[in-house]
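Me: Could you take a close look at the aromatic rings in this structure for me? I would like to see what they pair with and how covered they are.

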Amino acid sequence: MEPENKKDEESMEMSNQKKLGGIKTLPFILANEICDKFAATGFHSNLITYLTMQLNMPLVKASNTLTNFTGVASLTPIIGAFVADSFAGHYWTIVAALLIYKLGMIVITITAILPQFRPPQCPSQLNCKEASHSQLSVLYISLLLTSIGLGGIRPCVVAFAADQLDISKAKKQAKGWNFFNWYYVLLSLASLSALTIVVYVQDRVSWGWGLGIPTIAMVVAFVVFLVGSPLYQKAKPEGSPFVRVVQVIVAAIKKRGVSVPVDDKLLCENKDLDAGISKDGRLFHTNQLRWFDRAAIITQNDNKGLATNSPKLWRIATVHRVEELKSIIRLLPFVSTGILFVMAYSHQSSFTIMQARTMDRHLTKTSSFEIPPASMGIFDVVAVIITLALYDRLFVPFASRYTRNPSGITCLQRMGIGFTINICATFVGSFVEMKRKHVA
């Protein structure tokens, strides 16, 4: 009777697993992302104004502070991804990251409400008393907490959404609509709302409410994500790809004196070992970067471990794992091109806002309403929304007639056009900054 009971338990567990995940979980994940984007945009978009006008920090120091913490927030996702893939899993990493991010927002909101966390107000912005070291320490702690929180949220949310979907079924269910286009449109609308509503409250009402509204939105994001918990498919962590990449490199170095066989079928293949990391398909051997194929060469020392299905992964790697490393190396040129783009874009939330402060932002000459400087970022968001719509509905059908490409143009061509536009925008921005400095 015991074997039958075990089989029944296994079948019940399998049926329960099949009921979890699917399209029904996406509204919760997407709603969490929308609230998160609204909160993050409302929090970060006008922070340069808070530092210069409320904490009386010099512009360059304030800009460098935000740039430094933006850099930290760009590095922490590597740690967050490692933690999620190694032992915590996507779900618990997101939960912990949301809590940390929310704590950071609460801290900086408290500094905006309680006057003892700020220097005396200085409307003239001349000979102002700068924030003390203790006051800046509280600011730095809050920014560090938000950076750590972003490190857990950014790399895991999209991956967690992918965990919910059966790729083969998702393709059939998503034929009539482009999920990622809608994803970016909805996030852009959330940013648009934050850049208009939240920024106006920050400039015209109070910074307490201006930072409190994004904090409340972050609480809503956390609650919405937790509500969907019973429906989520919580995939077990299968190990960090960073560790696998290092293992392949170490194994190849150890076998640097071994000749690579001409027949790639002699290299190590193990479907059972790669089952957890190749759910969407296994990678086949390629003839590029063949030096790393040494990691998959089977030697006498490796036979014992392979026979018991417990190989020493710092000595032997499968073809799939070697090809993972090759794929990452092939991506390096694309990643390197993004460095200059990020450098140019890093001042979007600092000098661009200060440039807007020198402009006449009244809608008409007789109008008393003045557009808040940070709300100028709506042009960026509106451009994304309009570009997505025009590209999907007009450009793709037109271009595909000539290119025979269902997507209109290739991803590389899209990147090239984007970089060209970015160069032009940066070029114009440099002249605007020269004009702003002259006016200042």
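Reply: Happy to help; here is a walk through the aromatic rings, followed by a brief look at an aspartate and the cysteines.

A word on the ground rules: this is a predicted model, in which local features need pLDDT of at least 70 and side-chain atom pairs count only at pLDDT 80 or more, while totals for chains, interfaces and linings use all residues. Residues are numbered from 1 along each chain as its sequence is written, and side-chain values use heavy atoms, with hydrogens and water left out.

There are 13 aromatic pairs in the structure. Rings of Phe, Tyr and Trp (its six-membered ring) count as a pair if their centres lie within 6.5 Å; planes under 30 degrees apart are called stacked, over 60 edge-to-face, and the rest tilted. Phe69 and Tyr140 are a stacked pair because their planes are at 25 degrees, with the ring centres 5.9 Å apart. Phe69 belongs to helix H4 (residues 59-113) and Tyr140 to helix H5 (residues 133-163), so this pair ties together parts that are 71 residues apart in sequence. Helices here are DSSP runs (H or I, at least four residues), numbered from the N terminus. As for cover, buried means under 20% relative accessible area, exposed over 50%, and partly exposed in between (1.4 Å probe, protein chains only). Phe69 is buried at 17%, whereas Tyr140 is partly exposed at 29%.

Trp291 and Phe292 give you an edge-to-face pair, with 90 degrees between the planes and 5.5 Å from centre to centre. Trp291 is partly exposed at 38%, while Phe292 is buried at 16%.

Next along the chain is Asp293, in the loop between helix H9 (241-254) and helix H10 (300-307). Asp293 is buried, with a relative accessible area of 1%. Leaving aside residues up to four places away in sequence, Asp293 touches Val260, Leu267, His285, Thr286, Val322 and Lys326; contact means heavy atoms within 4.5 Å.

Back to the rings: Tyr91, Trp92, Phe160, Phe225 and Tyr232 form one aromatic cluster. Tyr91 also has a charge over its ring, as the charged end of Lys234 sits 4.7 Å from the ring centre. That label requires NZ of Lys or CZ of Arg within 6 Å of the ring centre and within 35 degrees of the ring normal. Arg414 sits over the ring of Tyr391 in this way, 4.3 Å from its centre.

Finally, the structure holds zero disulfides, a disulfide being a pair of cysteine sulfur atoms within 2.5 Å. Cys35 is buried at 18%, and Cys424 is partly exposed at 47%.

Conventions:
Helix = DSSP H or I, 4+ residues; strand = E, 2+ residues; numbered from the N terminus.
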